[in-house]
Amino acid sequence: GAFTARVLTLFPGMFPGPLGDSLTGKALSDGLWRLEALDIREFARNKHRTVDDTPAGGGPGMVLKPDVVGEAIDAAMADATGDRARWPLLYLSPRGRVFDQAMARRLAGAQGVTLLCGRFEGVDQRVLDARGVEEVSIGDYVLTGGELAAMVILDAVLRLRPGVLGNEASTAEESFSRGLLEHPQYTRPQVWEGREIPEVLLSGHHARIAEWRHAQAERLTKERRPDLWRAWVNATQPDPAGEA
Ligand code: ADE
């Protein structure tokens, strides 16, 4: 069935944004996924529709109120029968666990996801604790709000859903999903500004090409991402039992 992306935001007009173009946009209009951008302000009950208040203890900025966000989450997590949806509930925040391809695969296996986007100084901690919200970061930098982070996560998840990639290329065979960076790519002309396409790629020897690409993926990973390289070596050449 279709994957549901339910987004809680103060700026529903930001969606689908870039997700409405290209492969994710085609998939959206083909009904492969559904987008529900819900305005957090709709869940504010007072006449001024207040969603935030000053931080307890003082300090700059504003904090999203737990009563408003609690109501928004409860609405966003209810399924058609009123039961709680059995899919992940994420809050985008630089304090969260850093998003990676394994998380993308887990989310792509669910029926949907609810993404809570904060603004200002964030959301009252009590509502995150009370609703069992999972905090997720897209990296060690600070955005003005969670919306762009939600779009990044949705893009990474949607491309793993069946039918979203036009050419049906297997995402299981991507070298990144095996833990290495991708090998370099080339296309015609055969010589450009005096630089040639590596000869092996023009040889037609599929086994040698695969070998060359794998060696390049290893080289790039070793050079650029020692963290990924160490993890890959540990996973593919585990220490023999009993050795240090
Ligand atoms: N909101 C603000 N910065 C963020 C980040 N780096 N990741 C996720 N959500 C955020």
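This briefing walks through the ligand shell, the strands beside it, the recorded binding site and the domains of the structure above. The model is predicted, so local features need pLDDT of at least 70 and side-chain atom pairs count only at pLDDT 80 or more, while totals for chains, interfaces and linings use all residues. Numbering starts from 1 along each chain, following the sequence as written.

**Ligand shell**
- L92, S93, P94, S137, I138, G139, Y141, V142, L143, G146 and A149 surround the ligand, where near means a C-beta atom, placed from the backbone, within 6 Å.
- By type, the shell holds 7 nonpolar, 4 polar and no charged residues; here Ala, Val, Leu, Ile, Met, Phe, Trp, Tyr, Cys and Pro count as nonpolar, Asp, Glu, Lys and Arg as charged, and the others, Gly among them, as polar.
- The element giving the most to this shell is strand β5 (residues 89-98), with 3 residues; strands (E, at least two residues) and helices (H or I, at least four) are DSSP runs, numbered from the N terminus.

**Strands beside β5**
- With strand β6 (residues 112-117), β5 pairs in the parallel sense over 4 bridges, pairing being defined as at least two DSSP bridges between two strands.
- In that pairing, L89 faces T114 of β6.
- Strand β7 (residues 134-137) also runs parallel to β5, joined by 5 bridges, and L92 stands opposite V136 there.

**Recorded binding site**
- An unreviewed UniProt entry lists G118, I138, G139, D140, Y141, V142 and L143 under "binding site"; its positions are given in the numbering used here, feature names are shortened, and annotations may be inferred rather than shown by experiment.
- G118 sits in the loop between β6 and α4 (125-130), and counts as buried because 24 other C-beta atoms lie within 10 Å.
- The cut-offs are 20 or more other C-beta atoms within 10 Å for buried, 12 or fewer for exposed, and partly exposed in between, with C-beta atoms placed from the backbone.
- Leaving aside neighbours within four places in sequence, G118 is in contact with L64, Y91, L92, S93, V123, G145 and G146; contact means backbone-placed C-beta atoms within 7 Å.
- D140 lies in the loop between β7 and α5 (147-158) and is exposed, because it has 7 C-beta neighbours inside 10 Å.

**Domains and Y186**
- The chain divides into domain 1 (3-158) and domain 2 (174-236), with bounds from an automatic or database assignment.
- Their C-alpha centres are 37 Å apart.
- Y186, in the loop between α5 and β8 (191-192), is partly exposed because 13 other C-beta atoms lie within 10 Å.
- Not counting residues up to four places away in sequence, Y186 touches I197 and L201.

Conventions. Contact = placed C-beta atoms within 7 Å.
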